[in-house]
Amino acid sequence: MANRGSHKPNGSSPMCQFKLVLLGESAVGKSSLVLRFVKGQFHEFQESTIGAAFLTQTVVLDDTTLKFEIWDTAGQERYHSLAPMYYRGSQAAVVVYDITNQDTFARAKTWVRELEKQGSPNIVIALAGNKADMANKRMVEYEDAQAYAEEKSLLFMETSAKTAMNVNDIFLAIAKRLPRNDDSGNRQRTQGQHLEDKDRREVKEGGCCSK
């Protein structure tokens, strides 16, 4: 079972590292989900991400520590051309939409199609219907999103960065689908390492990472 009480790694357990990217329209709560997952915090007024932000977090699953290297991408259309730089080489992706905004769900479907065409062949994709605490303003029905996720073989949960509902659970569900019992994760990591290092340099040199 996963260690839900703490994200601290067990020093004696093997470590696997995986690159994970968050995609979705602006203001759906991508940065808030990451902040809740990594720091256990929520800010009512979260500044928009510029380009992308990079964070890390670990989870312990069974006897293995998994380290997520998380790229939180900007949702504004003007940054769309940068997205491939962040999802390239990713072993996992969380595509986020706002349950109170139908347009963001349509956009999420576009991101899924893009990942299917251009992402890693075995990428694990999770669909997150965020802002579940605002269900009284719901525009996207749970059943519709669930049916779409089943059709596309996606993980699916409705989440709330504000209340922490399902935030840890969706990352743990991703972790359970990632390879751990052999060196396949490390092979993927090695294959994408030169691209990822290049991406970090480009982000640093271009100044597009949020503070």
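This note goes through the predicted model point by point, from the overall fold to single residues.

1. Overall architecture. The predicted model contains six helices and six strands, and along the sequence these elements follow the pattern β-α-β-β-α-β-α-β-α-β-α-α. Of the 211 residues in the protein, 51% are buried. Among the contacts between residues at least 6 apart in sequence, 75% join residues that are at least 24 apart.

2. Strand S1 and its pairing with S3. Strand S1 covers residues 15-24 and pairs with S3 in the parallel sense, over eight bridges. Two positions illustrate the register: Phe18 stands opposite Phe68 in S3, and Val21 has Trp71 of S3 as its bridge partner. Eight of the ten residues of S1 are buried, so this strand is largely enclosed by the rest of the structure. Strand S3, residues 64-73, has nine of its ten residues buried and is therefore also largely enclosed by the rest of the structure.

3. Strand S1 and its pairing with S4. S1 is also joined to S4, by five bridges, and these two strands run parallel. Here Leu23 has Val95 in S4 as its bridge partner, while Gly24 stands opposite Val96 in S4. Taken with the previous point, S1 thus has parallel pairings recorded both with S3 and with S4.

4. Strand S4, covered on both faces. Strand S4 comprises residues 92-98, and seven of its seven residues are buried. The burial can be divided by face: Ala92, Val94, Val96 and Asp98 lie on one side, and Ala93, Val95 and Tyr97 lie on the other, with both sets buried. A reader inspecting the model may wish to note that Asp98, a charged residue, is among the buried residues of this strand.

5. From S4 to S5. S4 pairs with strand S5, residues 124-130, in the parallel sense over seven bridges. Within this pairing, the bridge partner of Tyr97 is Gly129 in S5. S4, H3 and S5 together make a right-handed β-α-β unit.

6. Packing of H3 against H4. Helix H3 (residues 102-118) and helix H4 (residues 142-152) have axes that come within 12 Å of each other and cross at roughly 5°, and that angle makes H3 roughly parallel to H4. The contact brings Phe105, Lys109, Val112 and Glu116 of H3 together with Asp144, Ala145, Tyr148 and Lys152 of H4. By class, this contact has four nonpolar and four charged residues, with no polar ones. As general background to reading such a contact, an α-helix has 3.6 residues a turn, so residues three or four places apart point the same way.

7. Helix H1 and the residue after it. Nine of the ten residues of helix H1, residues 30-39, are buried, so the helix is largely enclosed by the rest of the structure. The buried set consists of Lys30, Ser31, Ser32, Leu33, Val34, Leu35, Arg36, Phe37 and Val38, and so includes Lys30 and Arg36 alongside residues such as Leu33 and Phe37. Just after H1, Gly40 takes a positive phi of about 70°.

8. Ser90, a buried loop residue. Ser90 lies in the loop between helix H2 (83-87) and S4, and with a relative accessibility of 0% it counts as buried. Apart from its neighbours within four places in sequence, Ser90 is in contact with Lys19, Val21, Ser120 and Ile123. One of these, Val21, is the residue whose bridge partner in S3 is Trp71. The C-alpha atoms of Ser90 and Glu69, which are 21 residues apart along the chain, are separated by 9.2 Å.

9. Positive phi values before H5. The loop between strand S6 (155-158) and helix H5 (167-177) contains Ala164, and Asn166 is found in the loop between S6 and H5 as well. Ala164 has a phi near 75°, a positive value in a residue other than glycine, and Asn166 has a positive phi of about 60° although it is not a glycine. Ala164 is partly exposed, with a relative accessible area of 33%, and Asn166, at 23% relative accessibility, counts as partly exposed too.

Terms used: Residues are numbered from 1 along each chain as its sequence is written. This is a predicted model: local features need pLDDT of at least 70, side-chain atom pairs count only at pLDDT 80 or more; totals for chains, interfaces and linings use all residues. Side-chain values use heavy atoms; hydrogens and water are left out. Axes are lines fitted to C-alpha atoms, for helices over the stretch in contact, and angles run from 0 to 180 degrees between N-to-C directions. Helices (H or I, at least four residues) and strands (E, at least two) are DSSP runs, numbered from the N terminus. Angles under 35 degrees count as roughly parallel, over 145 as roughly antiparallel, 65 to 115 as roughly perpendicular and the rest as oblique. Contact means heavy atoms within 4.5 Å. Buried means under 20% relative accessible area, exposed over 50%, partly exposed in between (1.4 Å probe, protein chains only). Two strands pair if DSSP finds at least two bridges between them. A crossover is right-handed if, with the strands pointing away from the viewer, the path from the first strand over the helix to the second runs clockwise.
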